[in-house]
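Biologist: Thanks for sitting down with me over this one. Could you walk me through it, one question at a time?

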Amino acid sequence: MIRNIPCRICGESKNFFNLIAATGNRGVPFISKEHKVALCQNCGVCFLNPQHEDGDYKKYYEWHDRPVDRKVSPKGFRPGTRGEYDRLRLDFFTKILKDKNARILDIGSGYGRFLKSLEERGYRNLHGLEPNREAVKVAEENYGYKFYNAGLGDASLPEKEFDAATLIAVIEHFTDPVKALRDMYKLLRPGGYLYVNTPNLEDVVLRQGINKYFKFVHTFYFTEKSLKNALKKAGFEIAGSYTLPADRRFSNLLCPENYSNSELNIIAKRPLKDGAALEIEKEDWKKIRDKVRSIWRKDKYYALTGRLLSIWRHRKFIGYPAILLKKKLCSKKPLTDFEIPETTG
Ligand SMILES: [Zn+2]
């Protein structure tokens with residue numbers, strides 16, 4: 001089911017600016033193909049509105065995250081990850097969390113990849129939280145960490161247990177990020193840290209067109225300010241922030257702005273004493289509107305040049321029609337894993 005939602009950061013229910021429309025649902029029949037991206041005119045956060053309910057997303061992830069669909073190498077790593085970015089993220093995190101015996105929980109731990117990189121940095125007390133049963137199974141087979149096969153807010157999770165929690169490329173997937181952050185808050189001991197990593201809306205990805213970034217799995221789009229607002233609203237203090245630059249290795253003459261987007265990295269802290277939520281700092285929504293629109297205007301051109309360059313890069317001139325044909329045939333593969341509910345979108 002698709003429904004209108006209020007702004008999860010400031011509670012605004014009607015003053016939204018319709019920023020752009022994105023398309024695509026990866027061939028999943030119960031997910032709408034059209035997505036409207038709204039900007040809150042009060043606090044400036046950007047999100048899909050209307051938006052699918054949690055139940056639809058849960059079904060989608062169960063379908064999508066089967067190990068059979070992922071090229072998981074024996075160690076649980078997905079090939080092609082950006083190692084340099086991983087290193088910079090870890091540098092930032094280890095600067096703040098110096099205690100190598102700290103109890104760390106990786107939220108949305110998937111196949112355990114980020115936990116493994118923490119282990120390589122010397123951390124010894126590692127735990128994962130992952131709702132996908134199959135992913136937990138693979139991760140447990142590969143690593144000795146303790147995994148909770150549960151979702152956030154699950155009653156079986158221990159409270160005030162962890163010295164730190166990490167949230168790598170996860171927060172942009174929640175339908176209510178503030179509620180999710182409040183659930184994370186409960187898991188941390190007073191004084192515990194939460195490390196949040198997410199793409200930066202102020203530097204949106206153009207590599208393969210705007211529909212690659214504004215898509216149904218990304219429910220919220222943050223700037224540094226709006227992410228800090230969400231954290232403050234959930235009761236956190238801000239301990240540090242670091243914006244990773246865009247990766248311009250994809251850039252070239254045909255496509256000068258064709259690069260992978262930059263990343264926000266924020267470390268928040270559960271205060272020693274629970275207090276009132278901190279005042280949020282409103283984002284200038286017009287500034288965000290103009291920025292995204294200027295990219296949007298160039299999107300068709302970049303989508304085309306980006307595609308041409310990617311064909312060249314992979315030397316698939318001859319193979320390209322075959323890839324298109326395969327794509328067409330694969331998208332017709334029936335989904336039989338679960339019942340497909342009615343949608344209104
Ligand atoms: Zn708002």
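**Aromatic pairs, zinc and salt bridges**

Modeller: Happily, and let me start with one residue: Tyr57 has a relative accessible area of 4%, so Tyr57 is buried. Please keep in mind that this is a predicted model.

Biologist: Which residue forms an aromatic pair with Tyr57?

Modeller: A search of the whole structure gives 17 aromatic pairs. In one of them, the ring centres are 6.4 Å apart and the planes differ by 20°, which is a stacked arrangement. The partner of Tyr57 there is Phe216.

Biologist: How many residues apart in sequence are the parts that this pair ties together?

Modeller: Tyr57 belongs to helix H1 (residues 54-64). Phe216 is in the loop between strand S10 (188-199) and S11, so the pair ties together parts of the chain whose separation in sequence is 159 residues.

Biologist: And is Phe216 buried or exposed?

Modeller: Burial here means under 20% relative accessible area. Phe216 has a value of 2%, so Phe216 counts as buried.

Biologist: What is the centre-to-centre distance between Tyr143 and Tyr145?

Modeller: Both of these tyrosines are buried. Their rings form a stacked pair with 20° between the planes, and the distance from centre to centre is 5.2 Å.

Biologist: Which residues do ring pairs link into a cluster?

Modeller: One of the members, Tyr123, also has Lys100 over its face, 4.9 Å from the ring centre. The cluster linked by ring pairs consists of Phe92, Phe93, Tyr123, Tyr195 and Tyr242.

Biologist: Over which ring does the charged end of Lys146 sit?

Modeller: The charged end of Lys146 is 4.6 Å from the centre of that ring. The ring belongs to Tyr148.

Biologist: Let's turn to the metal. Which residues coordinate the zinc ion?

Modeller: Along the chain, the donors follow the spacing C-x2-C-x29-C-x2-C. Each contributes its SG atom, at 2.3 Å, and the residues are Cys7, Cys10, Cys40 and Cys43.

Biologist: How many residues apart are Cys7 and Cys40?

Modeller: Both Cys7 and Cys40 are buried. Cys7 sits in the loop between strand S1 (2-3) and S2, while Cys40 is in strand S3 (residues 34-40). The two link distant parts of the chain, with a separation of 33 residues.

Biologist: What is the arrangement of the 4 donor atoms around the zinc ion?

Modeller: For four tetrahedral donors, the ideal angle is 109.5 degrees. The donor atoms around the zinc ion subtend angles of 103 to 115°, so the arrangement is tetrahedral.

Biologist: In what order do the 4 strands of the open sheet come?

Modeller: The pairing in this open sheet is antiparallel. Its edge strands, each pairing on one side only, are S2 (16-23) and S11 (220-221). The order is S2-S3-S4-S11.

Biologist: Which residue in S11 stands opposite Phe47?

Modeller: Strand S4 (residues 46-48) and S11 run antiparallel and are joined by 2 bridges. Opposite Phe47, in S11, stands Phe220.

Biologist: Now for charges. Which residue meets Arg8 in a salt bridge?

Modeller: The count of salt bridges comes to 16. In one of them, the N to O distance is 3.9 Å, and the partner of Arg8 is Asp176.

Biologist: Why does this pair tie together parts that are 168 residues apart in sequence?

Modeller: Asp176, at 22% relative accessible area, is partly exposed. Asp176 lies in the loop between strand S9 (162-168) and helix H5 (177-187), and Arg8 lies in the loop between S1 and S2, so the parts they tie together are 168 residues apart.

Biologist: In which helix do Asp91 and Arg87 lie?

Modeller: These two form a salt bridge, with their closest N and O atoms 3.4 Å apart. Asp91 is partly exposed at 27% relative accessibility, and Arg87 is partly exposed at 42%. They are 4 residues apart, about one turn, in helix H2 (residues 83-96).

Biologist: Is Asp183 buried or exposed?

Modeller: Asp183 and Lys186 meet in a salt bridge with an N to O distance of 3.7 Å. They are 3 residues apart in helix H5, which means a separation of about one helical turn. Lys186 is partly exposed, at 41%, whereas Asp183, with a relative accessible area of 11%, is buried.

Biologist: Finally, which residues are joined into one network by salt bridges?

Modeller: The salt bridges in question share partners. The residues they join are Glu202, Glu283, Lys287 and Lys291.

Technical notes
Residues numbered from 1 in each chain as written. Predicted model: local features only at pLDDT ≥ 70, side-chain atom pairs only at ≥ 80, totals over all residues. Heavy atoms only, no water. Pairing = 2+ DSSP bridges. Donors = N, O, S within 2.8 Å, 3.2 Å for Na, K, Ca; no water. Tetrahedral: all angles 85-135°; square planar, octahedral: opposite > 155°, others 65-115°. Buried < 20%, exposed > 50% of the residue type's maximum accessible area, 1.4 Å probe, protein only. Phe/Tyr/Trp six-rings, centres within 6.5 Å; stacked < 30°, edge-to-face > 60°. Lys NZ or Arg CZ within 6 Å of the ring centre and 35° of its normal. Salt bridge = Lys/Arg side-chain N within 4 Å of Asp/Glu carboxyl O.
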